[in-house]
Amino acid sequence: MGALTKGRYLSIMGLLLLVYCTVSVISKGVTGDAQPDALPSVQGTLPHFIQEPEDAYIVKSNPIKLRCRAAPALQIFFKCNGEWVHQNEHFSQEYKDLNTGLKVREVMINVSRQQVEDFHGPEDYWCLCVAWSHLGTSKSRKATVRIAYLRKNFEQDPQGKEVPINGMIVLHCRPPEGVPVAEVEWLKNEELVSSLTDDNIDTRADHNLIINEARLSDSGNYTCLASNIVAKRRSATATVIVFVNGGWSLWTEWSPCNVACGRGVQKRSRTCTNPAPLNGGAFCEGMSVQKITCNALCPIDGGWDEWSEWTVCSSQCEKQRSRGCNSPAPRHRGKMCEGNSEATENCTDGLCTQNRKLLHDVKPQSMDGSNDVALYSGLGAGIIAVAILVVAVMLYRKNHSEYGVDVIDSSALTGGFQSFNFKTTRQGNPLLLNSAMQPDLTVGRTYSTPLCFQDSADKELFDPLPDIKVKVQSSFMVSLGVAERAEFHAKAPAETFPRDLSRDYCSSMDRRKKGLLTLNGPLSASKEQPRTTGVFGHAGGRLVVPNTGVSLLVPHGAVAENMSWEMYMVINQGEASVQTLEGCEILLGPEVTYGPPGLDLFCPVAMTIAHCAEVDAENWNIQLKRRTQDSKWEEVMSVEDESTSCYCLMDSTSCHLLLDQPGSYALVGEPLTQAAVKRLKLAVFGSMEAGSMSYSLRVYCVDDTPHAFQGVVAAEKIRGGQLLEEPKMLPFQANTFSLQVSIQDVPQFLWNIKPFTTCQEFSFPQVWCSNQQPLHCAFSLERYSPATTQLSCKISVRQVKGHEQILQVYTAVTETEKESVPFFMQTDCTITSQTGPKAFKIPLSIRQRICATFDTANAKGKDWQLLAQKLHLDRNLGYFAKQRSPSAVILSLWEARHQDTADLDSLASALEEIGKIHSKSSPKEQDEPESDFSHIQEGSLCRTGKVTSHKTEDSAPEYTG
């Protein structure tokens with residue numbers, strides 16, 4: 001073998017020897033492992049570790065350092081994952097411990113990220129130290145090396161909550177996965193939440209935040225913050241709203257009775273302020289105002305008793321009598337009797353024996369003679385005046401018997417009236433006001449019913465109305481200078497309204513309900529009740545009774561999907577509607593029934609009913625009533641009160657109702673003061689009698705509702721009547737005074753008018769309690785010549801001590817014109833039902849966006865309550881709060897209220913104003929909410945006039961809006 005071969009051989013042998021020695025040392029070290037760790041610090045003991053390697057984490061790409069210290073130790077090496085670390089990678093140093101005198105050896109190595117990533121084993125990357133001494137070896141603990149990280153996404157983000165005050169709040173948070181495990185902290189409005197400073201907060205339970213009793217101050221934005229040595233992570237923000245449900249305050253004391261005398265109303269109220277609802281809390285349930293009737297004791301003035309008998313003549317030649325103020329005695333602040341309670345007279349005609357002497361106290365003879373002359377002169381003058389008056393009346397009747405004309409003009413009608421009380425006899429002509437007069441066939445041909453009223457039982461004119469008085473003004477009375485108007489009632493009305501109302505008005509209502517007073521209109525065009533039907537599905541729609549002011553809105557989503565209902569609406573006619581009303585109540589609009597009875601809807605329908613009341617809470621007590629199965633009326637709610645069962649919104653001419661149950665409903669009013677007003681519609685029609693010289697003027701007084709006036713229209717259409725003047729409105733007060741209708745300014749040389757018909761009168765109960773039934777009176781005029789083709793006059797309709805309205809008549813009188821149809825007969829009001837999107841003004845997509853925006857509670861107050869406030873529907877909020885979607889119900893009410901207007905300006909303006917308020921309150925969060933409002937406002941809501949095409953998937957047809 002060559003020299004090179006020998007060298008290799010020796011090297012191999014040396015290496016084997018080194019391996020053998022190393023194995024021997026290791027085997028001895030293994031034996032030394034079994035020895036106790038705590039060895040005496042003397043020369044020749046096993047190595048004892050003063051510092052062992054600790055677990056470490058590699059952050060990003062920075063290597064970590066592992067250290068070991070042992071004494072006594074001849075050598076220290078690191079072993080990682082079962083393999084020895086090369087000696088070149090060790091950094092070691094040695095020094096002597098001054099206390100023990102032992103040599104201490106310290107070794108350090110670096111572990112890189114790459115080394116850890118390249119290791120693939122069943123466990124984490126680990127390293128330990130092995131120390132040698134003369135007696136053996138010792139091993140340190142294993143130290144793991146891991147790559148530190150923290151993922152971005154939380155395993156569970158905290159969720160926002162709405163919690164009542166004093167309730168428990170639990171916010172869950174599971175931090176992202178990380179090495180080492182992340183620590184969790186909580187932030188409230190970017191400030192650290194600590195359970196050390198607030199005993200009400202606990203943050204130690206599995207990273208969750210627990211607030212034991214919620215306070216208003218706990219409302220805010222909460223964030224879960226997770227962090228380790230690598231990074232920090234923030235969770236999504238959870239908004240916590242601590243709300244307060246409203247609570248009622250105590251009732252106030254009952255207010256004084258609102259009238260000084262008679263039947264009135266007392267009120268008491270409470271407010272939803274104990275506490276007030278906050279942060280979207282529920283509004284108080286129940287009524288905020290209660291009303292009860294009260295009876296104030298009316299003052300009773302004293303009245304004199306009958307005089308007592310005269311006493312015996314006294315020694316002073318006087319007799320006396322007395323009377324007491326006991327019929328009745330004054331009570332309740334009433335006045336004492338006026339006059340003397342005692343009277344004294346001479347009892348001997350001036351001759352009296354006094355002090356035993358005869359007294360002569362007789363007047364002179366000349367004075368008695370003058371008194372007799374004056375007495376007889378006065379009697380004679382009176383007899384002569386009566387005789388002249390009787391002769392004048394007879395001459396006047398004889399001169400006018402040929403044509404029976406009563407000269408009428410405006411100045412005469414402002415003069416005096418002579419009062420007559422007429423009642424017909426059963427044997428006479430029922431169409432004549434005075435049975436003593438000769439029957440006039442022209443009048444008989446003109447009227448198929450009495451002038452103003454009729455009794456359905458015996459057909460006698462004015463029989464049910466004993467207090468009716470017809471006033472007639474003649475030119476003869478004007479010539480005599482009679483200028484003062486006679487009293488219309490023999491008994492003056494009471495000074496205070498409730499006392500008078502209970503006597504005159506309510507008693508008339510009672511007689512009327514008992515059949516003693518019938519207030520049917522003069523004509524009945526048809527017994528048929530107006531009715532409309534329609535089939536509605538999930539898309540909803542609208543039912544309309546044409547020309548009556550009555551409609552029904554079925555909202556979108558009220559009917560379940562894949563279902564449909566055939567719904568109907570009926571206006572009930574006749575006296576049955578009012579016979580079961582109580583006290584002084586009257587119908588303010590038609591009685592309306594909608595069905596079918598078993599109707600099951602998800603949200604309320606909106607019904608609109610026209611009414612004739614001048615709405616004023618101080619003067620009216622207006623209630624919504626429903627007919628029960630036994631045909632009685634039960635109160636649903638008062639329009640001034642709050643209710644969670646239904647909603648009532650009163651406008652000037654219509655009432656809008658939100659109803660859950662089908663049935664028959666009516667708006668009923670009870671006057672509280674004399675200032676209560678209901679509106680009357682006045683109209684004058686005319687027609688020429690065929691083949692005669694007579695012309696008939698008919699004046700109608702009906703409640704100012706479209707339905708009531710349609711009865712007049714239908715009747716006049718059958719008669720061929722022509723509307724001579726645009727209908728006018730007359731406010732009729734509840735002051736118990738009658739209504740007078742008079743004709744004025746008739747050309748006296750062209751026309752004559754039947755006697756005793758120039759002024760006619762309706763009593764107060766008949767007008768006030770007409771209950772949608774028309775009243776009418778007629779004037780029959782006759783031409784002197786067929787050449788007269790024009791008629792001009794005035795019709796005055798006035799309430800005594802009330803308002804007056806003038807109807808100006810100027811028309812051509814020809815028989816061919818009586819077929820003309822009145823101008824108010826609408827020909828385009830024949831649509832009775834609409835279904836789907838075309839029935840609504842608000843497109844479905846925009847409606848859904850509005851509901852989604854406002855039904856969600858918002859800490860800044862942008863919810864359905866703000867929408868109701870901006871749409872002026874902010875009373876009785878408790879009703880909306882109980883609905884599934886308060887915003888949808890509010891929009892349905894808005895649709896019903898604005899069905900007659902052709903624009904959406906009010907809704908667009910309200911949404912724009914809400915958007916501005918919200919943008920000012922939260923400028924940082926403007927992007928998302930503002931997109932909602934811009935979509936709504938750009939979605940055809942801000943347009944006025946006609947919109948030709950709104951091509952969305954929800955509304956294909958054209959509409960105006």
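Accessible area is taken here from the Shrake-Rupley method with a 1.4 Å probe, and on this basis the chain of the predicted model exposes about 50000 Å², of which carbon and sulfur atoms supply 52%. Of the 961 residues in the chain, 45% are buried. The secondary structure comprises 15 helices and 54 strands. Among the contacts in the chain with a separation of 6 or more, 71% are accounted for by residues that lie 24 or more positions apart.

One helix and one surface patch are described in turn. Helix 13, which covers residues 886-897, has twelve residues, and the distance from its first C-alpha to its last is 17 Å, close to the 16 Å expected at 1.5 Å a residue. Eleven of the twelve residues of helix 13 are buried, so this helix is largely enclosed by the rest of the structure. The buried residues of helix 13 are P886, S887, A888, V889, I890, L891, S892, L893, W894, E895 and A896.

On the surface, a nonpolar patch is formed by I165, L216 and L278, which together have about 230 Å² of accessible area. Within this patch, L216 is found in the loop between strand 18 (209-211) and strand 19 (220-227). The relative accessible area of L216 is 39%, and L216 is therefore classed as partly exposed, since that class lies between the cut-offs of under 20% for buried and over 50% for exposed residues.

Technical notes:
Residues are numbered from 1 along each chain as its sequence is written. This is a predicted model: local features need pLDDT of at least 70, side-chain atom pairs count only at pLDDT 80 or more; totals for chains, interfaces and linings use all residues. Side-chain values use heavy atoms; hydrogens and water are left out. Patches are made of residues with over 30% relative accessible area and no salt bridge: like charges are joined within 9 Å, nonpolar side chains (Val, Leu, Ile, Met, Phe, Trp, Tyr) within 5 Å. A salt bridge is a side-chain nitrogen of Lys or Arg within 4 Å of a carboxyl oxygen of Asp or Glu. Helices (H or I, at least four residues) and strands (E, at least two) are DSSP runs, numbered from the N terminus. Buried means under 20% relative accessible area, exposed over 50%, partly exposed in between (1.4 Å probe, protein chains only). The expected span of a helix is 1.5 Å times one less than its number of residues. Contact means heavy atoms within 4.5 Å.
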